[in-house]
Amino acid sequence: MMAGRDAPVAVAAAAAPAGSRPAIGAVWQALAAVPDPEIPAVSIVDLGILRGVGWDADDPAMAVVTVTPTYSGCPATELIMASIRDALTAAGVARIRLAIEFAPAWTTDWITAEGRRKLREFGIAPPDGTRAASASTPIDVAGISPLRRARVAVACPRCGSNDTRLLSQFGSTACKAQYRCLACLEPFDYFKPH
Amino acid sequence: MTHDEALFQYLLRLGDSPLILAQRLGEWVGHGPVLEEDIAQTNVGLDLLGQARLWLSCAGEVEAGLRAPGRDEDELAFLRDAGEFRNLLLVEQPNGNFAATTARQFLFDAWHLLLLRALAGSKDARIAGIAAKGAKEAAYHAERSADWVIRLGDGTDESHAKVQAAISDLWPYTGEMFTPDATELALIETGVAADVRALAAPWRRHVDTVLAEATLEAPGETFMQQGGKRGVHTEHLGHLLAEMQVLQRTYPGARW
């Protein structure tokens, strides 16, 4: 089950004397080392799911971390939350409050430039453009093009060729599609714009 | 019925349809026609299960305000009987062959996408937030199932016949998607629920466009089945729940 919005957890008091806390920069640094469990090449900061880090107004030793999950059913969410707790505890944070925020919804636009580079090096084509539809988008599915006609050119992360073909709209995880490069003949994952 | 009572019922409807469809798609694990589609199909199920969890958690919070302590997502999913489920009749229909599963998904996805986009403008911020996130996922679902209807319809004689039969068999379950009842009308009035009547025309346009490209035909006027919104289901739901709920029913409170 997902971590509750208001579930403060007191961690081992030995990690830091009461009242003391690490610098906020050190907290970010610790979080930047937390990998995405399913794509360990990128961190949760690279992915852009970390929406806020600060200190509780009433409890200066309590870090408040806000996370926006990628997909509603992302099975990695609970592990990510546990990893954040571990990383902050190791960095000397006495108390932690984790909050999950659904709105605004996560978008692949939040993946950092560094994250995109790491994805490509890892063999995953990074998302191209965005498909975000806002609430004001007219109620019409006419814009949906069957994938056979998908015209998005996705460059092969291995050889760089644009001569690639979509195999399936869903890959090893819900956030990726499966492509095949017609130049080097290798299959690869494409992180879908979301 | 008070506003919160209506809201609770409405949230159950929003959560139960993706929950039951996710369970159906889960039955395909390891049985897909090819590995890629086995994975794709269950990824769609995973998205739907995630959305169901958000809706049912929200329903439980609303219920807590009505009758403390309220139920959590697990209690709502695993400890209600068939008559208490509020899902569409369409999603509980058996998987049948791949064409039947695809046809069911196609008819549902187009409606689901339109519904979630409309709900993203709900006056209830919780509903708007869950819907905006789900709509992004549903767009990929709708794209995939429409593509498969075209591939099967415009494929071999056998695949054409199977998907045409499935569309015809499932068609009577689509009317319910666009027919609000009193509970829903009250929430539409206050801008909380989406007016599903307004979704019928764009849904039909999309379905007709895809069917035409698939060389398939939409069935003519036919009697439409109703019942899911008030808990009157086809005989298939009980069997599905027996499998889905067996662990929690046998070992109440069991945790992984």
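Trainee: What is the order of the strands in the open sheet of four strands in chain A?

Mentor: In this predicted model, the order is β5-β8-β7-β6 of chain A, and the pairing is mixed.

Trainee: Which strands of chain A are called edge strands, and what makes them so?

Mentor: They are β5 (124–125) and β6 (164–168) of chain A, each of which pairs on one side only.

Trainee: How do you know that β7(A) and β8(A) are paired, and in which sense do they run?

Mentor: Two strands count as paired if there are at least two bridges between them. Strand β7 (residues 176–181) of chain A is joined to strand β8 (residues 187–191) of chain A by five bridges, so the criterion is met. The two strands run antiparallel. Among the bridge partners, A177(A) is matched with Y190(A), and Y179(A) with F188(A).

Trainee: How many bridges pair β6(A) with β7(A)?

Mentor: Four bridges pair β6(A) and β7(A) in the antiparallel sense. In one of these pairings, R165(A) has R180(A) of β7(A) as its bridge partner.

Trainee: Why is β7(A) described as largely enclosed by the rest of the structure?

Mentor: A residue is buried if 20 or more other C-beta atoms lie within 10 Å of its own. Five of the six residues of β7(A) are buried, and the strand is therefore largely enclosed by the rest of the structure. For chain A as a whole, buried residues make up 35% of its 194 residues.

Trainee: What is notable about L185(A), and where is it placed?

Mentor: L185(A) has a phi near 70 degrees, a positive value in a residue other than glycine. Most residues other than glycine have a negative phi. L185(A) is placed in the loop between β7 and β8 of chain A. Those two strands form a hairpin with five residues between them, and L185(A) is in the turn.

Trainee: Why does L185(A) count as exposed rather than buried?

Mentor: The cut-off for exposed is 12 or fewer other C-beta atoms within 10 Å. L185(A) has 9 such neighbours, so it counts as exposed.

Trainee: Why is T215(B) called exposed, and what is its phi?

Mentor: T215(B) has 12 other C-beta atoms within 10 Å, which meets the cut-off of 12 or fewer, so T215(B) is exposed. Its phi is positive, about 55 degrees, although it is not a glycine. T215(B) is in the loop between α9 and α10 of chain B.

Trainee: What makes β2(A) and β3(A) a pair, and what form do they take?

Mentor: Strand β2 (residues 50–55) of chain A is joined to strand β3 (residues 62–67) of chain A by five bridges; at least two are required, so the strands pair. They run antiparallel and form a hairpin with six residues between them. In β3(A), A63(A) is the bridge partner of W55(A).

Trainee: Which peptide bonds are called cis, and what are their omega values?

Mentor: Most peptide bonds are trans. The bond joining A103(A) and P104(A) is cis, with omega of about -5 degrees. P104(A) is found in the loop between β4 (95–100) and α4 (113–122) of chain A. The bond from A68(B) to P69(B) is also cis, with omega near 5 degrees. P69(B) lies in the loop between α2 and α3 (73–78) of chain B.

Trainee: How does the span of helix α10 of chain B compare with the expected value?

Mentor: Helix α10 (residues 236–250) of chain B has 15 residues and reaches 21 Å from its first C-alpha to its last, close to the expected 21 Å. There is nevertheless a bend of about 50 degrees at M244(B) in α10(B).

Trainee: Which residues of α10(B) are buried, and against what do they pack?

Mentor: L237(B), L240(B) and L241(B) are buried. The buried residues of α10(B) pack against α1 (3–26) and α4 (89–92) of chain B. Residues three or four places apart in an α-helix point the same way, because there are 3.6 residues a turn.

Trainee: How many residues does each chain bring to the contact, and which helix of chain B gives the most to the side that touches chain A?

Mentor: The contact takes 40 residues from chain B and 27 residues from chain A. On the side of chain B that touches chain A, α6(B) gives the most, with 17 residues. By class, that side of chain B has 22 nonpolar, seven polar and 11 charged residues.

Note on methods: Residues are numbered from 1 along each chain as its sequence is written. Chains are lettered from A and ligands numbered from 1 in the order in which they are written. This is a predicted model: local features need pLDDT of at least 70, side-chain atom pairs count only at pLDDT 80 or more; totals for chains, interfaces and linings use all residues. Two residues are in contact if their C-beta atoms, placed from the backbone, lie within 7 Å. Ala, Val, Leu, Ile, Met, Phe, Trp, Tyr, Cys and Pro count as nonpolar, Asp, Glu, Lys and Arg as charged, and the others, Gly among them, as polar. The expected span of a helix is 1.5 Å times one less than its number of residues. The bend at a residue is the angle between axes fitted to the seven residues ending there and the seven starting there.
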